Number of protein chains: 2
Amino acid sequence: MSSFAERLTVLDNPRADRVRRVSGLVGRSARSRSGLMLVEGPQAVRELAAHRPDAVRDVYVREDAWQTHADVVDAARRATRWVHPVTAEVSTAMSGDSQGICAVASVDAISRELPEPSVGETIVVIAQGRDPGNVGTIIRTADAFGAVGVVVVAGTVDASSPKVVRSSAGSVFHIPVCVVASFTDARTLVHVRSAALLGTSGGAGSLSLSDLLVQGLSARSRLSQSHAWVFGNEARGLSGEEMRLCDALVSIPMAGEAESLNVASAAATCLFASQTVRGVGN
Amino acid sequence: MSSFAERLTVLDNPRADRVRRVSGLVGRSARSRSGLMLVEGPQAVRELAAHRPDAVRDVYVREDAWQTHADVVDAARRATRWVHPVTAEVSTAMSGDSQGICAVASVDAISRELPEPSVGETIVVIAQGRDPGNVGTIIRTADAFGAVGVVVVAGTVDASSPKVVRSSAGSVFHIPVCVVASFTDARTLVHVRSAALLGTSGGAGSLSLSDLLVQGLSARSRLSQSHAWVFGNEARGLSGEEMRLCDALVSIPMAGEAESLNVASAAATCLFASQTVRGVGN
């Protein structure tokens, strides 16, 4: 285990320029100006250091976190020599949500290009997602259930924002998150990959997710072929125009009384169904 | 549409005792002392007024919300004569997350008793859930996918806390949320209903959710019989002792690189699988 302050001086001034530059990375304009992002918490820093070591710039570790998260500190030190011990005051001034460990990384830590198309692949499209917790959770779920990438339409919260990174539990460093200017661009990108655009909708006249799953297990369904799940705004869902641009609308059957699901819960349901059908097809 | 301030005087003093009593209901001790809870936002207030009209005490509506959420105001006025117009300042002082509408209700608005057991039912057990957003989302998902009730083990955040109510989107007023003192008590309650306790776990040696789903669709699996899904703490999962007390451990297969799912996403996946198997069995 690395001892605290083995090499570098303990940073102890919460009003230092460096501290303000780090905490300022919560702002989108500071990120695009500097090309840097803030990664908070042991889980996200661990994934950053393991998957994108070349993107790590500086890592800041509070004394007690140096002990309790020794594995993260070791991974960070393999990625960079700039692992700084900091006082509790500096740690809090840099980030209120870091559990004592945060990192500054190049925004290139998030890959922005989808891989080459593969047969039967699943893609995720997020249109106008405003809540960073939901967007990060959807990215984490897409990663867990083997989607090839996430396409976010401009207007959705920025994937390099600290809250998205944290709720993705570091999955933004595993799976590409590609930004497009409009919903039409997302559609084109999906169609070029010979994938169908499946909009999620509570409306009548839609296909049922359960039917697509059950049919896909015994024969074929939309889920047996390449497809992109489209998730809309958490409050309003997909707009009429977005729904018209989809190749099919899919509703998640609900036996109970709730009117709708949380968008990240809907994403978990759809992506699990896709993975289950893919698993049988392979 | 009801006109603003048709009957009652506009409340305009953000420092009034009444305002402090309302905002104080974020605290658990104030709720148990008064037997009252705070319900924030048009969606939760709508569900409260529709499903538990007798539990509604007072409803507070900001002028613009009176217009934009006229349907909620009408439902509230059918439930109580105490629908008060309030200024923006009073509204904000009562609740920062109400979108202009909040209600005070008896804590009895949440039913605490599970219904009579039914064959093949699904129950949810939450052990040591600390994040109100996750707990509320799990309650919403349990409601959506037709679970008969939620059992929360003491130590889990209180279902009558405003954040849980809000993230449940009012589902706390549809589905019973029963509190038990210990995990052992949850187990007894589930076993008395002839249901099996299925712990969710990433560990090896567990049953696979996909297998339980696929088998349940063609023949029978654990999901064809009465069962309770157990979800643990969001950071640590189930403890060793909790896992030992389960009748079976189930893991959610993940084709991708993420180490785990968010607990509410895991719940969505499991509860959708249960509903899909139930649908075919019926």
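I'm counting two residues as in contact when heavy atoms come within 4.5 Å. With that cut-off I looked at Ser224(A) and found that Ser224(A) touches Gly120(A), Gly216(A), Ala219(A) and Val277(A), leaving out residues up to four places away in sequence. Note to self: this is a predicted model.

**Ser224(A), continued**

I checked where Ser224(A) sits: the loop between α10 (209-218) and β10 (227-231) of chain A. Then I followed the side chain of Ser224(A), and it reaches the backbone nitrogen of Ser221(A) at 2.8 Å.

**Chain A overall**

I tallied the secondary structure of chain A and got 12 helices and 11 strands. Next came the radius of gyration of chain A, 21 Å; the globule rule gives 19 Å for 282 residues, which is close, so chain A is as compact as a globular protein of that length. Along the principal axes, the C-alpha atoms of chain A fill a box of roughly 65 × 40 × 35 Å.

**Domains of chain A**

I looked up the split next. Chain A divides into domain 1 (17-109) and domain 2 (122-280), and I have their C-alpha centres 30 Å apart.

How many residues of domain 1 of chain A are in contact with domain 2 of chain A? I get 16 residues of domain 1, in contact with 12 residues of domain 2. The area buried between these two domains of chain A is about 1,300 Å², and carbon and sulfur atoms give 58% of that.

On to the charged pairs. I count 4 salt bridges between domain 1 and domain 2 of chain A. I pulled up the pair Arg166(A) and Glu40(A), whose side chains meet in a salt bridge at 2.5 Å, N to O. For polar contacts between the two domains of chain A I have 5 residue pairs, both residues at pLDDT 80 or more.

Which elements supply the side of domain 1 of chain A that touches domain 2? My list of those with at least two residues each reads α2 (28-34), β1 (36-40) and α3 (42-51) of chain A. Of the elements on that side, α3(A) gives the most, with 5 residues. I sorted the residues of that side of domain 1 by class: 8 nonpolar, 2 polar and 6 charged.

**Chain B against chain A**

I moved to the interface between the chains. Here 37 residues of chain B are in contact with 36 residues of chain A. The buried area between chain B and chain A comes to about 2,800 Å², with 60% from carbon and sulfur atoms. I asked which residues of chain B lose the most area to chain A, and they are Arg140(B), Glu257(B) and Phe272(B), together 19% of what that side buries.

How many salt bridges does the rule find across the interface of chain B and chain A? The answer is 0. Polar contacts between chain B and chain A do turn up, as 16 residue pairs with both residues at pLDDT 80 or more.

I then listed the elements that give two or more residues to the side of chain B touching chain A: α3 (42-51), α7 (132-144), α10 (209-218) and α12 (263-281) of chain B. The largest share of that side of chain B, 9 residues, comes from α12(B). Last lookup of the day: by class, the side of chain B that touches chain A has 16 nonpolar, 15 polar and 6 charged residues.

Definitions and conventions. Residues numbered from 1 in each chain as written. Chains lettered and ligands numbered in written order. Predicted model: local features only at pLDDT ≥ 70, side-chain atom pairs only at ≥ 80, totals over all residues. Heavy atoms only, no water. Domains from an automatic or database assignment. Buried area = accessible area lost by both parts, 1.4 Å probe. Polar contact = N/O pair within 3.5 Å; in protein donor to acceptor, adjacent residues only side chain to side chain. Helix = DSSP H or I, 4+ residues; strand = E, 2+ residues; numbered from the N terminus. Nonpolar A, V, L, I, M, F, W, Y, C, P; charged D, E, K, R; others polar. Rg over C-alpha atoms; globule rule 2.2 N^0.38 Å.
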